[in-house]
Amino acid sequence: MSKTEILNILKDKIAHKIQVFENLIAETRASSNDTKSSMGDKYETGREMLQQEINNVQRQLNETLNQQSFLQKLSTEICSKVQNGALVKTDKGLFYISASLGEITFENQKIMTISSESPLAKEMFGKKESETFIMNKVSQIIEKIW
């Protein structure tokens, strides 16, 4: 299992999200500039709604930039315990503690990417191979850590 390749997949996914958000902001700003009306109040209301949309997308962009920064700092070294950057195989699935980007497929295996702030990661943190933890009344055994 190559953590370097998995991390590169996540970095590409984040870069794509950033590009989408930046394009959306640019398009929304352009449509804001295009909106001209002689209707006064309606014009201002429309501009305000567009500005709120820009602010919303900007927040999402900032969050994604923070995730990108976090990924840049992750080590791809093999971990002896569950920590940031650990790839953890339990009897219930494969988890990569990095940024919460959902499920990815690597070498025909589904890997759930989770944030270190997630309840699941918090339950696993510090555990080693063969140790057990309980999440939502379901016991899981840590089979392998990379």
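**Contacts and burial in a predicted protein chain**

A polar contact of 3.4 Å links the side chain of aspartate 91 to that of lysine 92. This contact, like everything described below, comes from a predicted model. Aspartate 91 sits in the loop that runs between strand E1 (87–90) and strand E2 (93–98). A second polar partner of the aspartate 91 side chain is a backbone atom: the side chain reaches the nitrogen of isoleucine 141 at 2.8 Å. Isoleucine 141 also appears among the residues that aspartate 91 touches once those up to four places away in sequence are set aside, together with Ser139, Gln140 and Glu143. With a relative accessibility of 35%, aspartate 91 counts as partly exposed, because that value falls between the 20% limit for buried and the 50% limit for exposed residues. Leucine 65, by contrast, is far off in the fold: 26 residues separate leucine 65 and aspartate 91 in sequence, and their C-alpha atoms are 33 Å apart in space.

It helps to set this loop in the frame of the whole chain. The protein chain is made up of 3 helices and 6 strands, and read from the N terminus the order of elements is α-α-β-β-β-β-α-β-β. Its radius of gyration is 21 Å, well over the 15 Å given by the globule rule for 146 residues, so the chain is more spread out than a compact globule. Measures along the principal axes add to this view, with the C-alpha trace spanning about 70 × 30 × 25 Å.

Burial, contacts and charge can be summarised for the chain as well. Of its 146 residues, 33% count as buried. The accessible surface comes to about 8900 Å², and carbon and sulfur atoms account for 47% of that area. Where contacts join residues at least 6 apart in sequence, 57% of them connect residues at least 24 apart. Charged side chains are present as 19 positive and 19 negative ones, and the centres of the two sets are 4 Å apart.

Two buried residues illustrate the helical part of the model. Isoleucine 25 belongs to helix H1 (residues 3–34) and has a relative accessible area of 5%, so it is buried. Beyond its neighbours within four places in sequence, isoleucine 25 is in contact with Ile54, Val57, Gln58 and Leu61. Glutamate 53 lies 28 residues from isoleucine 25 in sequence, while the C-alpha to C-alpha distance between the two is 8.4 Å.

Threonine 64 is part of helix H2 (residues 41–73). At 2% relative accessibility, threonine 64 is buried, and a polar atom of its side chain lies 2.9 Å from the backbone oxygen of glutamine 60. Leaving out residues up to four places away in sequence, the contacts of threonine 64 are with Ile14, Lys17, Ile18 and Phe21.

A second threonine offers a view of the strands. Threonine 113 is located in strand E4 (residues 109–115) and counts as buried at 1% relative accessibility. Its side chain has polar atoms in reach of two backbone positions: the nitrogen of leucine 101 at 2.9 Å and the oxygen of alanine 99 at 3.4 Å. Both of these residues recur in the list of residues that threonine 113 touches outside four places in sequence, which runs Leu10, Tyr96, Ser98, Ala99, Ser100, Leu101, Gly102 and Ile104.

The loops, finally, hold two residues with notable backbone angles. Glutamate 107, in the loop between strand E3 (102–106) and E4, has a phi near 50°, a positive value in a residue other than glycine. Its relative accessible area of 51% makes glutamate 107 exposed, since the cut-off for that class is over 50%. Serine 130 is placed in the loop between helix H3 (119–124) and strand E5 (132–135). Phi of serine 130 is near 80°, again positive in a residue other than glycine, and with a relative accessible area of 61% serine 130 is exposed as well.

Note on methods. Residues are numbered from 1 along each chain as its sequence is written. Side-chain values use heavy atoms; hydrogens and water are left out. Helices (H or I, at least four residues) and strands (E, at least two) are DSSP runs, numbered from the N terminus. The radius of gyration is taken over C-alpha atoms; the globule rule is 2.2 Å times the number of residues to the power 0.38. Buried means under 20% relative accessible area, exposed over 50%, partly exposed in between (1.4 Å probe, protein chains only). Contact means heavy atoms within 4.5 Å. Accessible areas come from the Shrake-Rupley method with a 1.4 Å probe; for residues, only the protein chains shown count as cover. Lys and Arg count as positive and Asp and Glu as negative; His and the chain ends are not counted. The place of a charge is taken as NZ of Lys, CZ of Arg, CG of Asp or CD of Glu. A polar contact is a pair of N or O atoms within 3.5 Å; within protein, one must be able to donate a hydrogen and the other to accept it, and residues adjacent in sequence count only if both atoms are side-chain atoms.
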